[in-house]
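Dear colleague,

I am passing the structure below on to you, and I would be glad if you kept it open while you read the notes that follow it.

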Amino acid sequence: MFPKSTQAQFWMFENEGDLNILRSKTNVAYIESHKNEAPAGAGDGHFLTEQDEADVVFYFSVKMGEFCDKFKPPMPSYVKGTSSHYFKRFYLHNSVMNYHPKEILVTAVYLACKVEEFNVSMQQFIANVQGNQERATKIILNNELLLMQELQFHLTVHNPFRAVEGLLIDIKTRCDSVHSVDSFRPEIQTFLDSVFLTDACMIYAPSQIALAAVIHAASRQKQNLDSYVTESLFGEQGEEACVRNIRVMV
């Protein structure tokens, strides 16, 4: 399960600061190894800054979400979630100046389809890609092994979607004061879509993200889950702070 997974052991971090340190090292390492290629007198402006790289990754994370949402046949949410994990992990140790995010984006989605057993052929997949589809096929095939290597072949991803389903069933069973629990689903999905644009999935456990999504959806529906969370789930553990932190991040 999650606590013993490669995700928990190698791809979870204490806070955003730890992630930013890694990204800063990646940015500096690229600049140091390519500084001799800069034109004379170009100065530091020849290379992207750490913030520039973060902005580019965010932009293409949004584009990845749009690509997955429009995918035909319809793509399960957990494939989209796994794709996002792969994409974010890759750019912890690689610079966008070295690997174009558009190419890694489609490769991450294609790999996620295979790992999550969402069975689409290469022909079906590239039919969703705009532009030169023959070139897109070559890009995906050329980058697939690279992506797996950079992920250290840690391909199993625990997403929050299964935990969400468990929580909804539990609320229906043990929380009589909450009604129309299934009406939470659109707000939950919106919340999780926004989570995958942040670093939350590399800081908080899937179950914590799932709970934050459910609490957020309930509050949007003007329903209160405080007693369920404090009495039925946490008791005296005091883990509500984790949920508050996730909601603040998103």
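In which loop is S180 found? Before the reply, please bear in mind that this is a predicted model. S180 sits in the loop between α8 and α9 (185–195), and it has a positive phi of about 50° although it is not a glycine. The residue is also exposed, with a relative accessible area of 54%.

Two further backbone features may be worth a look when you check the geometry. F153, which is not a glycine either, has a positive phi of about 60°, and its place is the loop between α7 and α8. The peptide bond that runs from K72 to P73 is cis, with omega near 0°, and P73 belongs to the loop between α3 and α4 (77–93). As background to these entries, most residues other than glycine have a negative phi, and most peptide bonds are trans.

On the pockets, the largest pocket holds about 610 Å³ of space, and 19 residues line it, of which F67, K102, V106, V129 and Q130 lie nearest its centre. Three helices, α3 (50–70), α5 (101–115) and α7 (133–150), each supply at least two residues of that lining, and the largest share, five residues, comes from α3. Sorted by class, the lining of the largest pocket consists of eight nonpolar, five polar and six charged residues.

The second largest pocket contains about 450 Å³ of space, and of the 13 residues that line this second pocket, V157, H158, N159, R162 and A163 are the closest to its centre. Here α8 (161–174) and α10 (206–220) each supply at least two residues of the lining, with α8 giving the most, namely three residues. The lining of the second largest pocket divides into seven nonpolar, four polar and two charged residues.

Since α7 contributes to the lining of the largest pocket, its own geometry deserves a paragraph. The helix α7 has 18 residues and reaches 25 Å from its first C-alpha to its last, which is close to the 26 Å expected at 1.5 Å a residue. There is nevertheless a bend of about 35° in α7, located at N143. N143 is itself buried, and the other buried residues of α7 are A136, T137, I139, I140, E144, L146, L147 and M148.

Finally, the cysteines: how many disulfides does the count come to? The count is zero disulfides, and C68 is in none, the nearest cysteine sulfur, that of C113, being 7.5 Å away. Seen from the other side, the closest cysteine sulfur to that of C113 is the one in C68, and the 7.5 Å between them is too far for a bond, because a disulfide requires the two sulfur atoms to be within 2.5 Å. Both residues of this pair are out of reach by the accessibility criterion, in that C68 is buried with a relative accessible area of 3% and C113 likewise counts as buried at 2% relative accessibility.

With best regards

Note on methods:
Residues are numbered from 1 along each chain as its sequence is written. This is a predicted model: local features need pLDDT of at least 70, side-chain atom pairs count only at pLDDT 80 or more; totals for chains, interfaces and linings use all residues. Side-chain values use heavy atoms; hydrogens and water are left out. Buried means under 20% relative accessible area, exposed over 50%, partly exposed in between (1.4 Å probe, protein chains only). On a 1 Å grid over the protein atoms alone, a cavity is a set of points where a 1.4 Å probe fits but cannot get out, and a pocket is an open set with protein on both sides within 12 Å along at least five of seven lines; lining residues have an atom within 4 Å of a point. Grid points are joined across faces, edges and corners, and a volume is the space filled by probe spheres set on the points. Helices (H or I, at least four residues) and strands (E, at least two) are DSSP runs, numbered from the N terminus. Ala, Val, Leu, Ile, Met, Phe, Trp, Tyr, Cys and Pro count as nonpolar, Asp, Glu, Lys and Arg as charged, and the others, Gly among them, as polar. The expected span of a helix is 1.5 Å times one less than its number of residues. The bend at a residue is the angle between axes fitted to the seven residues ending there and the seven starting there.
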